[in-house]
Number of protein chains: 2
Amino acid sequence: MPTLNWRWRPDRTTIQPMRILGIDPGLARVGYGVIDTTGGVQTMLDCGIIRTDAGRSEGERMVEIAGDLRQLIRQWRPELAAVEKFFFYRSSNTISVVQARGVVIMTLARFGIPIVEFPPMQIKLAVAGFGHAQKDEVLEAVMRELSLTEPPRPDDAADALAVALTGWFQR
Amino acid sequence: MPTLNWRWRPDRTTIQPMRILGIDPGLARVGYGVIDTTGGVQTMLDCGIIRTDAGRSEGERMVEIAGDLRQLIRQWRPELAAVEKFFFYRSSNTISVVQARGVVIMTLARFGIPIVEFPPMQIKLAVAGFGHAQKDEVLEAVMRELSLTEPPRPDDAADALAVALTGWFQR
């Protein structure tokens, strides 16, 4: 039976390859990471952030997010999207962040991409092995899983890769 | 100085006519109401709800909302959109509702429509004259302002007309 320290791992030799887009949603910055899982090895294809113009209205910033995300989807054609899930936060900009997340989910759905969603603790558990892992422990795990020699930057991009890996491990 | 019982009213004789789309956001139902303010008199052009299919995923339901809203915008070409604003609610489906609201705001912004946002209390204050007005008092005020002989149905459509009227009174 799974416990908090238990990590499910697919049998990497028998599973079909898959391209996964991980998303760490936000209004100012949306982190994204694209991984391929060909041949039982996970490879990073791309990662980065969609940064929106702070001088524009909330609506215009969400238009930017939708447009850039459509471009990413057309470029990488992911077969699965993994998106970080929110519960109630206390931050003052939560409403904006959740609204922007809606635009992300809608845009993915428009392309017919299956979506899986994971709360932060589940991402830490899946990637670093325990739900209370620190940021640098998650980062190390992401680097190890993707055989990266440099840490992915910025943080939101690394987080998005962690979500993508979770989508793979938990599928 | 304005007080809680004070209502600002534009000088109706000197103000340019305007078409306003009011929106009461949601995931299961999005209320909408279109008013014209030609010649100092407010007229209802359309009202109703976008109802989404409960059997579909959240993403697909938001795709429906965006599509139907685009159709409404193309049909009525509003010059202003007024959207009900959320704060933190305790309802379990708040995240879904706020996400759907993001899709509404983004869709309006994509058409370059200016957006004004009002919290529920401000809508009640603007339409019924006091912020703690009951639902039927708001409904009566909406009927009076739009010279309707029948109450607009369903509730979400009536609420959307109240938001549209607030957009007009408070512009």
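This passage describes how two chains meet in a predicted model and what lies in its nonpolar core. Residues are numbered from 1 along each chain as its sequence is written, and chains are lettered from A, with ligands numbered from 1, in the order in which they are written. Local features need pLDDT of at least 70 and side-chain atom pairs count only at pLDDT 80 or more, while totals for chains, interfaces and linings use all residues.

Let us begin with the interface. Here 21 residues of chain B are in contact with 21 residues of chain A (C-beta atoms, placed from the backbone, within 7 Å). On the side of chain B that touches chain A, α1 (58–76) and α2 (94–110) of chain B each supply at least two residues (helices are DSSP runs of H or I, at least four residues, numbered from the N terminus). The most comes from α2(B), with twelve residues.

Turning to symmetry, a turn of 180° and a shift of 0.0 Å along the axis lay chain B on chain A with an RMSD of 0.0 Å (least squares on C-alpha atoms of residues with pLDDT of at least 70 in both copies). This is the relation of a two-fold axis. Gln99(B) has the C-alpha nearest the axis in chain B, 2.2 Å from it. Because 100% of the interface residues of chain B are also interface residues in chain A, the copies meet through the same surface.

Finally, the interior. Leu161(A) touches, among others, Gly22(A), Ile35(A), Met44(A) and Val142(A), leaving aside residues up to four places away in sequence.

Terms used. Two residues are in contact if their C-beta atoms, placed from the backbone, lie within 7 Å.
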